[in-house]
Every structure is written in C-alpha cells, then in structure tokens.
Amino acid sequence: MQQFDVAVIGAGAAGMMCAAVAAQRGRSVVLIDHASKLAEKIRISGGGRCNFTNRQVLPENFISANPHFCKSALASYTPQDFIDLMRRHDIAWHEKHKGQLFCDDSSESIIEMLRVECDQGGVQWRMPCEVKEVLREESAGVTVFTVNTSVGPILASNLVVATGGLAIPQLGATDFGLKLARQFGLKVIEPRPALVPLTFDAEAWAPFGELAGVALQATVSAGPGRRAQHFLEDVLFTHRGLSGPGILQISSYWQPGEAIVLDLAPGQDLSAKLLESKVGGKQQLGTVLSSLWPKRLAEQWLGEQATTRLADAPDRILKDLAQRIQAWALVPSGTAGYKKAEVMRGGVDTRGLDQRSMQARNVPGLHFIGETVDVTGWLGGYNFQWAWASGVACGRSL
C-alpha cells in the first residue's frame, strides 16, 4: 500500500504542471497514466512544434457554461509566466500568426521540461498504469482516496483528475474523467467535438467536393444576431465539407441544425466593385473572380456564368452574385468527430468547482483540471494556456 499527499491521474499538460508545482511545494505526489508514452497530445501539437500558448490570452477566448470561472486561474498564471519557465530551461521559441507561440525545435522540449520539473519535486511515476476503481472515505475530517490500479492500490489525501477529453481517441483519449465526476455527484456539461472540421450532406456537397484542397481567406460566422461569433481565417475545402482555421474556430460555437455564414470576399464591397468594373469593361466574370479567388473556385462557383462579360450582365445579377459570395449560408450536417477534433467542448460543470483551487465544492480533496473541465479555448495555444493555468492553480492550492 503506497500513500501520498496527492495522486494526479493523467500525465498530460495539466497533470504534469500540477504535479510539478505541488511537489516543489513539499507535497508527496504520484502521477498516474495509462499510456506507455508520455504526453502524446503535446508531442503531436502544432505540427510537432507545440503551439504552447498565445501572446494575447483573455477570458473571452474561452467557451464555458460558466464564463467567469476561468478568470482567476488565467490571471494568476499568464503566458509570460510559461515563457519564463521555458527560458529557465533554455527552450527557444518563435511567434507566428496572431500571437501563436511555437517551439523552435520540437514539442519534445516541452515534454522534457515538464518531466524535469516533476523530477525536481520528487514526483513518483506510475506509467503505464491502469486505474480500475476510485474510492473515497472520510473519517474525523480526514479524507482518503483509494485508487485501485493495475500496479496495486494507491492512497492519497487529494485526488487530481487531469485525464483530458474525448478528442483524438487514437492517442488513448477516454471519458474516464467525466465518469469519475458523475460517480462523485458532479454535473457534466454535455461533451462534443470542438475545433473540428464541419461536414455536409454528401449529395448537396458533391459539386464543392471537387474543390478539395482549395483554400482562401474568409470571415466565418455563427450564432444569433449580435451574439454571433466571427473569425477571419483561412478556410479549406475538403471532400466531405470545410476545414481550415476559420472552420475549426467556428465549430466550437456552431450548434447542430444552425447555419454558418461565410464572407468569401472579406473587407470588400464586392457589389460596388463588380458594378464599377462593368463600366466600359470587357472582362469576363470568371476573370474578375479569379483575381480574388483560386481559379478552380471561381470557375466552380460561376459555372456557365464564368464566360459572361461584365458589360453584358444586368446589375441585379451582379448584386445577387455579390450577396451570395459575401453571405454564403450553409447548414452543416455534422462534424468530422472526435478523431479529427483538436479538443472537446463541455466537461465537468465548473459551477461545482472552486475557481482558485479547482476543487469540487461538495467533495473535499477532489480536483479537476485541464480539458476535463468545461473550459474550451480558441485555436492558437489557448487550450495549452488553460492547461498550464488550471494545473498551477490546483498545484498551489494543494
């Protein structure tokens, strides 16, 4: 029988960060994971270079049924704090599009840094180790968790659940954390894939499926009226639907049955441009649109109209064309699922957790951090920042 102050289940970004912080503050910590390889999601992220955070992180970059919950942790551990940690480990990094920060070398640098931080605190590792059962006893105000595992029972005064969400099951993702939350009476916000490609009815999408591989910048919107969310990013046509950063971003806000709206000529008054070009112009419609778009898209969109001269096109036809291009409404049939999703939206209802410690309000000693919790960030390093911040908040409280 092994006994610790803290048992952390899940040796990913949040779990390792929490274990390292708690152990370096003098707690005895054991880190448990069912995988044989450490932190596979970190390893594959950012094309193998790990988009580890973003320069500009605000609570508005996160989705939650309880949107104020993330504020305390994010304020207490900022992107600069993580950058300072990387500098102490001599890890070089660079900034890309919209504040996204990546390792110069490899995501392995981040994994090794976290492993070293854990080892410096004396964290004990149990990998691979399957958790079969979790029990909790409380006597005379003292809480003890018994974690029955494939390597024997582990006892701990505090249990931290950092098992992630359902995204990328091929790397071992499971619903373990959600099941454990329900076991102890916590509510769960219904999970679903997020940061994921959107798919469309096969028959209706067939003409656009031929454009697979075509990409362009667009403004993508979803949601009602003034509460609609907008992203100006690249959009990629695929055989089954749409992908690319713009679609991944909006997928987190899209609700089944609702339309998404694309402006395929962002920042332009396309109607005015077409009407101006018409005056004395000999250009064909296809030529004009090909100056804005990839040629394949222009030809597919216009069809037989591609060879129509602007001068011969009625104003109402040009206005209608501009309207369709700048407000293309589509109703997805679904998503590409957890296999293609970068994260899970939903999770343990944060209204049942303390925002400073991540502890369950009604179950002393039980904590949930990282993706298991109903806090979902935008694409671009935000979900890693939530992992670091929630892990540190929990680790300090222990």
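In which sense do strand β14 and strand β15 pair, and over how many bridges? Strand β14, residues 229-237, and strand β15, residues 241-243, pair in the antiparallel sense over two bridges. The structure is a predicted model. This briefing considers the sheet to which these strands belong, a group of aromatic rings, a pocket and a helix.

**The sheet**

- Strands of a sheet pair through backbone hydrogen bonds, and the pairing may be parallel or antiparallel.
- In this model, seven strands form an open sheet, and their pairing is antiparallel.
- The order of the strands across the sheet is β17-β16-β13-β14-β15-β12-β18.
- The edge strands are β17 (328-330) and β18 (334-335), each of which pairs on one side only.
- Between β14 and β15, the bridge partner of F237 is L242, which lies in β15.

**Aromatic rings**

- A search of the whole structure finds 18 aromatic pairs.
- One of these pairs is formed by F208 and W328, with a distance of 5.1 Å centre to centre.
- The planes of F208 and W328 stand at 50 degrees, and the pair is classed as tilted.
- F208 belongs to helix α7 (residues 202-209) and W328 to strand β17, so the pair ties together parts that are 120 residues apart in sequence.
- F208 has a relative accessible area of 17% and therefore counts as buried, because the cut-off for buried is under 20%.
- W328 is likewise buried, with a relative accessible area of 11%.
- F208 and W328 are also members of one aromatic cluster, together with F200, W205, F237, W293 and W301.

**The second largest pocket**

- The volume of the second largest pocket is about 240 Å³.
- Its lining consists of 13 residues, and those nearest the centre of the pocket are V21, Y77, R88, E117 and V392.
- Two or more lining residues come from each of the elements α1 (13-24), α4 (79-88) and α13 (382-397).
- By character, the lining residues of this pocket divide into six nonpolar, one polar and six charged.

**Helix α13**

- An α-helix has 3.6 residues a turn, so residues three or four places apart point the same way.
- Helix α13 has 16 residues, which at 1.5 Å a residue should span 22 Å.
- The end C-alpha atoms of α13 are 23 Å apart, which agrees with that expected span.
- Helix α13 is mostly covered, as 13 of its 16 residues are buried.

Key
Residues numbered from 1 in each chain as written. Predicted model: local features only at pLDDT ≥ 70, side-chain atom pairs only at ≥ 80, totals over all residues. Heavy atoms only, no water. 1 Å grid on protein atoms, 1.4 Å probe; cavity = no way out; pocket = protein on both sides within 12 Å on 5 of 7 lines; lining within 4 Å. Points joined across faces, edges and corners; volume = space filled by probe spheres on them. Helix = DSSP H or I, 4+ residues; strand = E, 2+ residues; numbered from the N terminus. Nonpolar A, V, L, I, M, F, W, Y, C, P; charged D, E, K, R; others polar. Expected span 1.5 Å × (residues − 1). Buried < 20%, exposed > 50% of the residue type's maximum accessible area, 1.4 Å probe, protein only. Pairing = 2+ DSSP bridges. Phe/Tyr/Trp six-rings, centres within 6.5 Å; stacked < 30°, edge-to-face > 60°.
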